[in-house]
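Reader: Please take me slowly through one part of this protein, the stretches of chain that link its regular elements, and then show me how the aromatic rings fit into the picture.

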Amino acid sequence: MFKINDNYLRLQGSYLFSTVAKKTNAFMEKNPDRKVIRLGIGDVTQPLAPVIIDTLHKAVEEMGHAETFRGYAPDLGYEFLRKAIAENDYRSRGCEITADEIFVSDGAKSDSGNIQEIFSTDNTIAVCDPVYTVYLDTNVMAGRTGEFDTAAGCFKNVIYMPCLAENNFVPELPGQVPDMIYLCFPNNPTGAAITKERLQEWVDYANKNGSVIIYDAAYEAYITEEDVPHSIYECKGARTCAIELHSFSKNAGFTGLRLGYTVVPKDLMCGDVSLHSLWARRHGTKFNGAPYIVQRAGEAVYSEEGKKQLQEQVAYYQKNAKYIFEHLKSAGYEVYGGVNAPYIWLKAPNGMTSWEFFDFLLEKANVVGTPGSGFGKCGENYFRLTAFGSFENTVEAIKRIEAL
Ligand code: MLT
């Protein structure tokens, strides 16, 4: 008789956003006359920028002619896109990253889940609490954690790093040294940012202790403050201890198109084995490349016109973030995030649990958010709202919350 991967049985409930969607759909079926506003999952709502649409059209046209048709993409991604990334996201910021250290993929979610495959299952992981659940769940699936301890509300053999209002939602360096450290800044779900100085401490810690940092920079386009780094490679020594994940979803609205990339510097070694070669082997074996037309659209993100149009798109969502933050604050809510990130993290009022507040908001204001406890124990009593709605819906949702 075959056996299953019983690590999956350790997972808690279903994927957070599936639960939120299920509950929302059930409410909508029961109350078809209510206009529900979804500020739950961080999914963009504005159409793709004109330059992206034009580029997609052109690339589709190329696919219709024998001379310009493209089949499988190169393993690591097309050179034109990797060069544009290296130049614009790294060299222009003074980071030494070359095109051949960039692996193009179908998005940061897949990469953040898959990257753990190149590491031993004996490694200990450290995650922020609250955390984007993909980092943790994929390690559970791989068997890198122990059982879920129901009483403690966490998995055994995982180093949880509390991110609370008291530490500005930036974790302390762990006393017990982890092998793999997951960091995401600007942070999902808390919207907190890390200064370059604090991130440098993590890089120094990882280099000193032989840990690897998996750094998710999916929200860097939302940074507004000067001392907040856009990439971990702005810190000295990060090339020997850090892998960085990037997404085109939030800076260019590609949640439906799918495009991302991962940087594995060639200096990142485990003994005499380069992690770059392991990830290249994995990528080549299991992935056949993001579509040509999407990679061309990715290249257009870095054109002069693309930069201008996307700055406007990001500014649109930043305006929503500011609106949510300021109005909820004036209404007496305890609110965080929103300044360098498209997420607003608020305390549920009157001691409500996160899920109680979810139900209350859905029922009374017909607004959907994400319960903080779904991201971990330290997220209990918190709630996340996204700035990715339309401005009109955002204003309407906040008015309804203010009126409660
Ligand atoms: C979120 O809402 O946390 C994100 O949209 C999820 C993702 O990017 O996969």
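Author: Before looking at any loop we need to know what it lies between: helices here are DSSP runs of H or I with at least four residues, strands are runs of E with at least two, and both are numbered from the N terminus. With that in hand, and keeping in mind that this is a predicted model, we can turn to the loop between strand 7 and helix 6, where proline 189 has its place. Strand 7 covers residues 180-184 and helix 6 covers residues 196-209, and proline 186 is found in the loop between them as well. Each of these prolines follows a cis peptide bond: the bond from phenylalanine 185 to proline 186 is cis with omega near -10 degrees, and the bond that joins asparagine 188 and proline 189 is cis with omega about 20 degrees.

Two other loops hold a residue that deserves attention for its backbone angle. Arginine 258, in the loop between helix 7 (249-252) and strand 10 (260-263), has phi near 75 degrees, which is a positive value in a residue other than glycine. Asparagine 366, in the loop between helix 11 (354-365) and strand 15 (367-368), also is a residue other than glycine with a positive phi, in its case near 55 degrees. To compare their surroundings we need the cut-offs, under 20% relative accessible area for buried and over 50% for exposed, with partly exposed in between. Arginine 258 has a relative accessibility of 28%, so it counts as partly exposed, whereas asparagine 366 has 9% and therefore counts as buried.

A further loop, between strand 8 (212-216) and strand 9 (242-247), brings us to the aromatic rings, because tyrosine 219 lies there while its partner tyrosine 343 lies in strand 14 (residues 343-347), and so the pair ties together parts that are 124 residues apart in sequence. How should such a pair be described? A pair of aromatic rings is described by the distance of the centres and the angle of the planes. The centres of the rings of tyrosine 219 and tyrosine 343 are 5.1 Å apart and their planes are at 65 degrees, so this pair is edge-to-face. Tyrosine 219, with a relative accessible area of 5%, is buried, and tyrosine 343, with 1%, is buried too.

The count of aromatic pairs in the model comes to 29. Another of them joins tyrosine 15 and phenylalanine 17, whose ring centres are 5.7 Å apart with planes at 65 degrees, so it is edge-to-face. Here the two residues fall into separate classes, since tyrosine 15 is partly exposed at 25% while phenylalanine 17 is buried at 10%. Both of them belong to one aromatic cluster, which they form with Phe169, Tyr336, Trp345, Phe375 and Tyr382.

Finally, these details can be set within the protein chain as a whole, which has 12 helices and 17 strands. The radius of gyration is 21 Å, close to the 22 Å that the globule rule gives for 404 residues, so the chain is as compact as a globular protein of that length. Of those 404 residues, 54% count as buried. Among the contacts with a separation of 6 or more, 73% are between residues 24 or more positions apart.

Methods: Residues are numbered from 1 along each chain as its sequence is written. This is a predicted model: local features need pLDDT of at least 70, side-chain atom pairs count only at pLDDT 80 or more; totals for chains, interfaces and linings use all residues. Side-chain values use heavy atoms; hydrogens and water are left out. The radius of gyration is taken over C-alpha atoms; the globule rule is 2.2 Å times the number of residues to the power 0.38. Buried means under 20% relative accessible area, exposed over 50%, partly exposed in between (1.4 Å probe, protein chains only). Contact means heavy atoms within 4.5 Å. Rings of Phe, Tyr and Trp (its six-membered ring) pair if their centres lie within 6.5 Å; planes under 30 degrees apart count as stacked, over 60 as edge-to-face and the rest as tilted.
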